[in-house]
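I opened my notebook to look at how the chains of this model meet. Here is what I looked up, entry by entry.

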Amino acid sequence: MGQSQLPESVKLGQHVVIEEGVKIGENVTIGHHTVILKGTVIGDNVIIGSNCVLGVKKSGNQKMRASDVKQPNLIIGENTKIGNNVTIYAGSEIADHVFVADHASIRENSTIGSQTVIGRGAIVELNTSIGKRCTVQTLAYITGDTILEDDVFIGPCVSMSNDKYMGKQPYQLKGAHIKKGAKIGNNATLLPNITIGENAIVGAGSVVTKDVPANVTVVGVPAKKITK
Amino acid sequence: MGQSQLPESVKLGQHVVIEEGVKIGENVTIGHHTVILKGTVIGDNVIIGSNCVLGVKKSGNQKMRASDVKQPNLIIGENTKIGNNVTIYAGSEIADHVFVADHASIRENSTIGSQTVIGRGAIVELNTSIGKRCTVQTLAYITGDTILEDDVFIGPCVSMSNDKYMGKQPYQLKGAHIKKGAKIGNNATLLPNITIGENAIVGAGSVVTKDVPANVTVVGVPAKKITK
Amino acid sequence: MGQSQLPESVKLGQHVVIEEGVKIGENVTIGHHTVILKGTVIGDNVIIGSNCVLGVKKSGNQKMRASDVKQPNLIIGENTKIGNNVTIYAGSEIADHVFVADHASIRENSTIGSQTVIGRGAIVELNTSIGKRCTVQTLAYITGDTILEDDVFIGPCVSMSNDKYMGKQPYQLKGAHIKKGAKIGNNATLLPNITIGENAIVGAGSVVTKDVPANVTVVGVPAKKITK
């Protein structure tokens, strides 16, 4: 069970692994077989499902870039719920009242704002900032170096990228910047370094190749403005 | 190992967790580290892989809707096979001879018909009815409130949605209704509340924005009828 | 802990399951709860995360085709790293210095070349050959019977298929053949049996319906050549 001091109020499933230096708040529930790695900090009233791995250290091979981690630990805020078979990396901060659904994965150096939902099987890459009250739907892909402001809606299976040259030449990796209240329809494709304006709407299945102004709706391949 | 009465014919892997009130038929195999939660009912000759979590209770945060569960338990029919790292919710029924591949996830209030295949990493959301002999391919996304009739083929990475307003205003959530024998090509996008007629075909990568009649093939963005 | 003979240099997490007939090289690290199934061969200096299942035997139901396995075991080369919650099948070979990210899945009869990256949540189906120094990005889907030559880049969420008739009639299943140095943009859709020429580029969100010559860039639905 490791060396970490656990409060009496914690409810642990069977075969839970808690490594050293883990801090756990009051009234926390941790499901069967979940693994909490070194240094993870878990707030009061957090509920975690089974088979999760929390506090993963970054890894990679020689083809992959290194990433600097601003702070070394995974921090999970109060009243947040985490599903089953979830992986979250050390060096990220999940705020309070967040919901992270089953099979989701969140990498290092990312922040997830209060009340946000990270959907089933959704993936959030490194160096990403997600605001408050966002919805990142099932199987959506938030690439690295992305900014979602508050109240953004990312539909199911939305795809992003941050590498204009697909590894061919050096490039400052940069994902999308999606401003407050914007909504991206399911299975839309965003090219690297796109800005989506406040309250803009991107239709389902669209391919967004350039910036979208505020309050505009775009659809199609490539995505163009429609008048309603 | 919990309080459930297990038949002598069950084959259990190491560190299996079986909570109370679980019913297990004859000749069942359960892989290492798999977790069977309260009240789950497993039929004869079922084979389950490692690291699964079966019988998950629904969860969420305040941004997510509640769902009523018609019956409280997960029920798995005879001769069904479930892969590894799969999560399935309480309140759903999986029929006999079904195959659920690794990393798939099935939510509450759903039914999966006999001989259907749910592919690797595929996700089936709540309140969904899937018929007999369907194929839901790898990484396909079946949104909530969807109906697939018998013999439907859903290609890999197909994306659906059930929320016309993307959370902006109240709306009766409604996924697609895909009729008997229809086939949806890989990475096609379906908008909410679309009906696809019997034996219709949707081409790969198409975006379906309105109903498709029976026996018709549609392709493109938006999807239009082609003559063959 | 099973009957396999383990070298003294192995570092095992808690509750690791190692079945019989497993061969493990020097200086191998295996994370908590990981399951290594019968006959798996692991090279020196391999690092494996938590909650993996390695060496899975193929399965299926009567709707799914059988596959012949050329050699019966999973073989993992030296210095390869495998993340958390990963599943890999018996009958595949992963070369040295490969990185397989969290939640990825690789099926039987596949080979992954040296220094290649298989991204987070990416899926590689059966009978697939992936060359050296390839990048298969997050959530990309490599269908069965696919060939990626060396130095290929597959963007995030790329979708492939290998079944022209979607199960409707007999057909020799055949995925794409992607030649050396080609790059496929994120969320692109490839139809079955497409050849992508050397150093060709497919734009993000494109739908590729026919072969792409070498050194050409194609974009759109259906994908067409652009002049730069």
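I began with a single pair: Arg120(C) and Glu125(A) join their side chains in a salt bridge, with N to O at 3.9 Å (a side-chain nitrogen of Lys or Arg within 4 Å of a carboxyl oxygen of Asp or Glu). The count between chain A and chain C is one salt bridge.

A note on the ground rules: this is a predicted model, where local features need pLDDT of at least 70, side-chain atom pairs count only at pLDDT 80 or more, and totals for chains, interfaces and linings use all residues. Residues are numbered from 1 along each chain as its sequence is written, chains are lettered from A in the order in which they are written, and side-chain values use heavy atoms, with hydrogens and water left out.

Next I looked up the extent of the A and C contact (heavy atoms within 4.5 Å). I found 45 residues from chain A and 39 residues from chain C. The buried area, meaning accessible area (1.4 Å probe) lost by the two parts on being put together and summed over both, is about 3000 Å², with 57% from carbon and sulfur atoms.

Then I turned to chain B. Here 39 residues of chain A are in contact with 46 residues of chain B, and the area buried between them is about 3000 Å², 57% of it given by carbon and sulfur atoms.

Which residue forms a salt bridge with Arg120(A)? I found Glu125(B), with the closest N and O atoms 3.9 Å apart. The rule finds one salt bridge across this interface of chain A and chain B.
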